[in-house]
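Trainee: Please choose one part of this model and take me through it closely. I should then like to see what lies elsewhere in the chain.

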Amino acid sequence: MKKLDGKEVSAKIQEQVKAEIESLKEKTGRVPGLTVVIVGDDPASKIYVRSKDKMAAKLGINSRVIRLDAEVSRQELIGKIKELNEDDEVDGVLVQLPLPGKFDTWDILDHLDPGKDADSFLPAGLGMILLNRSRVFPCTPAGILKILEYYEIDVTGMDVVVVGRSFIVGKPIAAMLTNLHATVTVCHTRTKDLPAVVRRADMVVAAVGKAGIIGPDMVKEGAVLIDVGVNRLNKKEEVERYCTERQQEKFVKKGYGICGDIHKDAYAKSSYYTPVPGGVGLMTVAMLMHNTLQLFKKRVKT
Ligand code: NAP
């Protein structure tokens, strides 16, 4: 088994993005602009937004965060998005999800210019993926493909099982892997016999949000294990059952441990696996920077 190191791949992406921004700045006199809109004060969202802002600044992206009160009206929020659509200095916009419950997510996102959709969540972007014509992909699935590319894992002809069918991970990664000539099966809560389906997989992509749901008995010898799940556990017995030793130490110090959807005991059966934390999760923000650069290049027509 070999660990697929998200930190290493993310660092490489960041290095490439930074170098390209520097060279484009010389040519065009401009740098990409990314604006993140956050509504309300969800603690996890605030942490994500801070890390996005920090990385953007580090790579030379003109980064801005617009913080709106949870009480903001639908009209005001849509008005802000339309303003950003018209702003020439802004190449990418990201509306941090989840929005407060009173908003219908799509009713809001539909007002964003698809040419500035840094997350590539809009129907136009997802449609382009289905047609295999996309240049910008949703960040987490894009990060998975970068990891596979970096470690030269060719998915052609592989039987891939994707567990989870969200529009941010499961569905797009299934289409993207199909475009790369894998044979893809997508599982969800209504799948009849999840263990039997997963057992056939040459590669498993788990995007569920349930600690250790993919157990060692469900994994074929030599399978590639890609774990998107991020589960924060704070009960001792759960931490001991699902978390790596390092995370168990963290639990002792901080009162919680992080684990993925793939049980740690399954790693030993794999050919490659992404750890949690330290795998796919570290790619997502780097791919947002990559996407912002692609949108910028499209807008300045380089
Ligand atoms: P989501 O919208 O929460 O959906 C979860 C999916 O898992 C659904 O399709 C659901 O099926 C399926 N599911 C739930 N329980 C299941 C079960 N017992 N058997 C089979 N399928 C089951 O998912 P998400 O937003 O993609 O997030 C998934 C996980 O990835 C979460 O832990 C999240 O924190 C993590 N995540 C990490 C990153 C990152 O950067 N690393 C990015 C995004 C998400 P139904 O459709 O039938 O309900």
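Mentor: A definition is required at the outset: helices and strands are DSSP runs numbered from the N terminus, a helix having at least four residues (H or I) and a strand at least two (E). The model is a predicted one. Let us look at the part around strand β4, which comprises residues 92-95.

Proline 98 is found in the loop that runs between β4 and α4 (105-109). The peptide bond joining leucine 97 to proline 98 is cis, with omega at about 0°. Most residues other than glycine have a negative phi, and most peptide bonds are trans. Serine 120, placed in the loop between α4 and α5 (123-130), is also worth attention: it is not glycine, yet its phi is positive, near 55°.

Strand β4 also takes part in enclosing a space. Rolling a probe the size of a water molecule over the atoms shows where empty space is left. The model has 3 cavities of 30 Å³ or more. In the largest cavity there is about 60 Å³ of space. Its lining consists of Val93, Leu94, Val95, Leu109, Leu112, Asp117, Asp119, Phe121 and Leu122. Strand β4 is the element that contributes most to this lining, with 3 residues. By class, 7 of the lining residues are nonpolar and 2 are charged, while no polar residue takes part.

We may now place this part within the whole chain. The domain assignment gives domain 1 (29-113) and domain 2 (139-283). Between the C-alpha centres of domain 1 and domain 2 the distance is 29 Å.

An open space offers a useful companion to the enclosed one. The second largest pocket has a volume of about 320 Å³. It is lined by 21 residues, and those closest to its centre are Phe137, Leu145, Lys146, Glu149 and Leu180. Two or more lining residues come from each of α6 (139-150), α7 (170-179) and α11 (281-300). Helix α6 gives the most, with 5 residues. The lining of this pocket holds 10 nonpolar, 6 polar and 5 charged residues.

Helix α11 leads us to a further cis bond. Proline 277 sits in the loop between β11 (272-273) and α11. Valine 276 and proline 277 are joined by a cis peptide bond whose omega is about -5°.

Finally, let us consider the ligand. It is surrounded by 19 residues, of which Arg165, Ser166, Thr189, Val230 and Thr284 are the closest. This shell comprises 8 nonpolar, 9 polar and 2 charged residues. Three polar contacts may be examined in turn. The side chain of serine 166 places an N or O atom 2.6 Å from an oxygen atom of the ligand. Lysine 210 has a polar side-chain atom 3.0 Å from a nitrogen atom of the ligand. Valine 228 makes its approach through the backbone, where a polar atom is 3.4 Å from an oxygen atom of the ligand. Taken alone, the ligand exposes 930 Å², and the protein buries 70% of that area.

Key. Residues numbered from 1 in each chain as written. Predicted model: local features only at pLDDT ≥ 70, side-chain atom pairs only at ≥ 80, totals over all residues. Heavy atoms only, no water. Domains from an automatic or database assignment. Near = heavy atom within 4 Å. Polar contact = N/O pair within 3.5 Å; in protein donor to acceptor, adjacent residues only side chain to side chain. Areas by Shrake-Rupley, 256 points an atom, 1.4 Å probe, with all protein chains shown as cover. Nonpolar A, V, L, I, M, F, W, Y, C, P; charged D, E, K, R; others polar. 1 Å grid on protein atoms, 1.4 Å probe; cavity = no way out; pocket = protein on both sides within 12 Å on 5 of 7 lines; lining within 4 Å. Points joined across faces, edges and corners; volume = space filled by probe spheres on them.
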